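Student: Can you walk me through this model? Short answers are fine.
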Amino acid sequence: MTNNYLLFSEVLPNLSDPEITWLKEQLQQVFDIHGQQYREKEIPAGLDPDRAEWSGCRAFLDMVRLF
């Protein structure tokens, strides 16, 4: 059988410290609860992450809002 799966990786060389910080923030998992974004450890008591309107990688949050 052939392997038709596409594998992709990329190296981003010479990033500045602000760029590294931004990239790490974009790759974090967030929970969108009542229009506010929280990381898993920052969800206030009383809010259930299982009832989040959306959860996933922060970078994809804006794409979800487009549709």
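Tutor: We'll take the core, then two further residues, then a surface patch. This is a predicted model, where local features need pLDDT of at least 70, side-chain atom pairs count only at pLDDT 80 or more, and totals for chains, interfaces and linings use all residues. Residues are numbered from 1 along each chain as its sequence is written, and side-chain values use heavy atoms, leaving out hydrogens and water.

Student: Which residues make up the largest nonpolar core?
Tutor: Phe-31, Ile-33, Tyr-38, Ile-43 and Ala-52, five residues in all. A nonpolar core here is a set of buried Ala, Val, Leu, Ile, Met, Phe, Trp, Tyr and Cys residues joined through side-chain atoms within 4.5 Å. Buried means under 20% relative accessible area, exposed over 50%, partly exposed in between (1.4 Å probe, protein chains only).

Student: What does Tyr-38 touch?
Tutor: Gln-29, Val-30, Phe-31, Ile-33, Ile-43, Pro-44 and Leu-47, not counting residues up to four places away in sequence. Contact means heavy atoms within 4.5 Å.

Student: New topic. Is Gly-56 buried or exposed?
Tutor: Gly-56 is buried, because its relative accessible area is 15%. Leaving out residues up to four places away in sequence, Gly-56 touches Gln-28, Gln-29 and Val-30.

Student: How far is Gly-56 from Ala-45 in space?
Tutor: 20 Å, C-alpha to C-alpha, with their positions eleven residues apart in sequence numbering.

Student: And Gln-26, buried or exposed?
Tutor: Gln-26 is buried, at 18% relative accessible area. Its contacts are Cys-57, Arg-58 and Ala-59, again not counting residues up to four places away in sequence.

Student: Last one. How exposed is Leu-12?
Tutor: Leu-12 is partly exposed, with a relative accessible area of 49%.
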